[in-house]
Amino acid sequence: PPSGGPIAPHRRVATLLATAATAVAIAVLVFALPRLGDGDDPQQPTSTEPQSPSAGGEEDPPTEPSGPLQLSWNTPHAVVQTVLGGSGKQALLDAVVTDDAVYAVGHGLDASDVLDDAAVWRSTDAREWTQVGTRSLAEPGDQRIIAATEFGPSIVAAGWDGADAAVWVSDDDGRRWTRSTSGGLGGSGTQLIRDLVPFGSRLIAIGASGSLGQQDAAAWVSRDGRHWERMAGAFAASGQQEMWKAHRVGGRVVAIGYTRELGTMDAAVWLLSDDAWTRVPATEFDETGTQIMLEV
């Protein structure tokens with residue numbers, strides 16, 4: 001949860017969930033990389049010429065490779081460990097693969113080493129990384145990017161800023177980012193976006209909204225990535241509910257997460273067909289102990 005709220009028992013669970021989500025996101029980054037090649041066998045290393053990170057950030061983007069993007073799988077992991085770091089902590093929580101590059105999104109400590117700024121790193125070979133969009137992602141308060149996706153000609157990233165859901169959009173291949181000022185992302189309590197999924201001509205964001213410890217699942221919809229509206233549906237129940245991940249399956253969006261409405265934490269599933277959200281009955285997943293769905 002965003003910093004500054006009261007310490008509650010569910011926070012320990014949220015910390016564990018965030019750790020698991022980070023591990024999942026790193027796996028997403030690794031397994032997404034083969035898409036960047038041009039039909040190469042991932043078992044056969046290819047020669048690459050890594051680019052040096054640009055000192056200018058978003059104002060001086062890295063030079064584009066002259067040929068098809070190639071990747072090598074025989075590079076030691078230690079190479080990546082040194083190029084994404086900085087003072088304090090950094091977190092990678094999702095990745096976007098475009099025709100030209102891979103973007104890792106997350107957050108890192110701001111200049112004061114106290115609060116977090118949203119962060120995006122860009123690479124064309126998975127070995128050399130440049131942090132981009134630094135000026136447009138750094139604002140007062142606590143910002144975190146949890147999810148990102150391509151949507152039409154844009155890359156859209158989402159998470160939260162303080163107590164409000166937040167969305168950033170880039171129209172120049174991830175170098176510069178603009179924060180959405182849509183009023184539909186705010187509200188009473190705390191709003192969190194945890195995933196994004198394109199659904200036809202719309203972009204769906206899922207997460208949670210309300211008082212910490214008593215939040216309901218929540219979903220937002222946009223047709224351009226900048227203007228957002230809250231969606232109605234079967235989100236409210238007793239206790240705490242959160243959507244964590246969503247995926248398009250055929251003509252529906254399947255969102256997963258957890259609910260506490262039956263006492264203990266149980267897995268939960270929501271379905272979006274056309275404009276209507278429904279819930280798989282909570283009793284379908286009612287088991288002894290704690291169950292959480294993190295990926296679909």
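Contact here means heavy atoms within 4.5 Å. The model is predicted, so local features need pLDDT of at least 70, side-chain atom pairs count only at pLDDT 80 or more, and totals for chains, interfaces and linings use all residues. Residues are numbered from 1 along each chain as its sequence is written, and side-chain values use heavy atoms, with hydrogens and water left out.

Q: Which residues does Arg 194 touch, not counting residues up to four places away in sequence?
A: Arg 194 touches Ile 146, Ala 147, Trp 160, Ile 206, Gly 207, Glu 242, Met 243 and Trp 244.

Q: Why is Arg 194 called buried?
A: Buried means under 20% relative accessible area, exposed over 50%, and partly exposed in between (1.4 Å probe, protein chains only). Arg 194 has 9%, so it counts as buried.

Q: What makes the pair Arg 194 and Glu 242 a polar contact?
A: A polar contact is a pair of N or O atoms within 3.5 Å; within protein, one must be able to donate a hydrogen and the other to accept it, and residues adjacent in sequence count only if both atoms are side-chain atoms. The side chains of Arg 194 and Glu 242 make theirs at 2.8 Å.

Q: How do you know that strand 5 and strand 6 pair?
A: Strands are DSSP runs (E, at least two residues), numbered from the N terminus. Two strands pair if DSSP finds at least two bridges between them. Strand 5 and strand 6 (residues 154-161) have 8 bridges, in the antiparallel sense; one of the partnerships is Glu 150 with Ile 155 of strand 6.

Methods:
Helix = DSSP H or I, 4+ residues; strand = E, 2+ residues; numbered from the N terminus.
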